[in-house]
Structures are given as C-alpha cells and as structure tokens.
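Work through the exercises below with the sequence and the coordinates at hand. Each task is followed by a solution in steps.

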Amino acid sequence: DGRKIGRNRDADTISNTADAYLAQLKRDSTTRNFARYAGDEQKANDVFHDPEIANIQAPEANPYLEEQRQRERDMLETVPDEMLVFQEYNDKEGTGDKSYSGISYKDRVAQLKARRNGNNNQ
C-alpha cells in the first residue's frame with residue numbers, strides 16, 4: 001500500500017485558503033530540510049524557493065455555498081434606524097440601585113410564610 005500507518009488523510013485535503021497556506025508552509029519546510037540535508041545552504045535559507053509551492057492553491061469557492069451565504073447576509077442586513085439603541089432604555093436619571101432586581105428572596109420567603117400561617121389559622 002505504501003501509506004504510513006496512522007496518517008491523517010484529512011490533514012492533506014485543502015478546503016480553504018488557510019489549508020492552502022498551511023500546505024505551502026509544509027512543502028516549503030520539507031524542501032528546505034531536504035536542501036539542508038544535501039548541504040545546499042542557500043536553498044535551505046530561501047523562502048518558497050520550490051516552484052511547486054506556487055501550484056498549491058485553494059479550491060474555487062463553491063457557488064452553491066456562496067449563494068447561501070449571500071442570502072444569509074441579505075436577511076441579516078438592517079438600517080441603523082431599525083437597530084435597537086439600548087442606551088435609550090437605561091435609567092434616565094442614573095439614580096436607583098443597580099443591583100436591585102426586584103423583591104429579595106428573604107422578603108419572598110417571609111411573604112409565603114405569612115400567607116401559609118394566615119391560611120392555617122383560618
């Protein structure tokens with residue numbers, strides 16, 4: 001078969017520009033190491049000296065996915081007037097306890113106990 005055992009074949013597939021760039025870096029690193037082993041210091045120090053590196057390109061964009069992304073972008077677009085401005089809904093005067101969120105738990109338990117005791121006494 002000739003393949004290494006345990007090789008991740010998905011790591012070799014190029015599906016976007018980031019994968020293409022990483023493949024170019026891998027190829028450059030490999031060719032520079034081979035040049036270093038062969039004693040060619042100039043090629044070992046050159047960046048992207050192998051012409052095959054330029055042939056590694058990202059695949060063309062999938063037109064079906066592009067249409068879907070464009071529809072999603074169109075659906076999410078809005079004008080600034082429609083956007084919610086949350087500052088308008090804040091407390092105008094700036095007064096009031098910022099940590100107060102309603103009735104406290106202690107008060108609520110006291111109310112329930114009073115109601116329960118009031119129902120039991122009747």
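Buried means under 20% relative accessible area, exposed means over 50%, and partly exposed lies in between (1.4 Å probe, protein chains only). The model is predicted: local features need pLDDT of at least 70, side-chain atom pairs count only at pLDDT 80 or more, and totals for chains, interfaces and linings use all residues. Residues are numbered from 1 along each chain as its sequence is written, and side-chain values use heavy atoms, with hydrogens and water left out.

**Exercise 1.** Classify L25 by its accessible area and place L25 in its helix and surface patch.

Solution. Step 1: the relative accessible area of L25 is 33%, so L25 is partly exposed. Step 2: L25 belongs to helix α1, residues 17-38 (helices are DSSP runs of H or I with at least four residues, strands are runs of E with at least two, numbered from the N terminus). Step 3: together with Y21, L22, V47 and F48, L25 forms a nonpolar surface patch with about 470 Å² of accessible area. Such a patch joins residues with over 30% relative accessible area and no salt bridge, here nonpolar side chains (Val, Leu, Ile, Met, Phe, Trp, Tyr) within 5 Å; like charges are joined within 9 Å. Areas come from the Shrake-Rupley method with a 1.4 Å probe, and for residues only the protein chains shown count as cover.

**Exercise 2.** Find the salt bridges of the structure and state which parts they link.

Solution. Step 1: a salt bridge needs a side-chain nitrogen of Lys or Arg within 4 Å of a carboxyl oxygen of Asp or Glu; the structure holds 2. Step 2: one joins the side chains of R27 and D50, at 3.2 Å from N to O. R27 is in helix α1 and D50 in the loop between α2 (41-45) and α3 (63-76), so the pair ties together parts 23 residues apart in sequence. R27 is partly exposed at 34%, while D50 is buried at 15%. Step 3: D28 pairs with R32, with the closest N and O atoms 3.4 Å apart. Both lie in helix α1, 4 residues apart, about one turn of the helix. D28 is buried at 5%, and R32 is partly exposed at 22%.

**Exercise 3.** Describe the protein as a whole by its helices, burial and surface.

Solution. Step 1: the protein has 4 helices and 0 strands, in the order α-α-α-α. Step 2: of its 122 residues, 8% are buried. Step 3: the protein exposes about 11,400 Å², of which carbon and sulfur atoms supply 50%.
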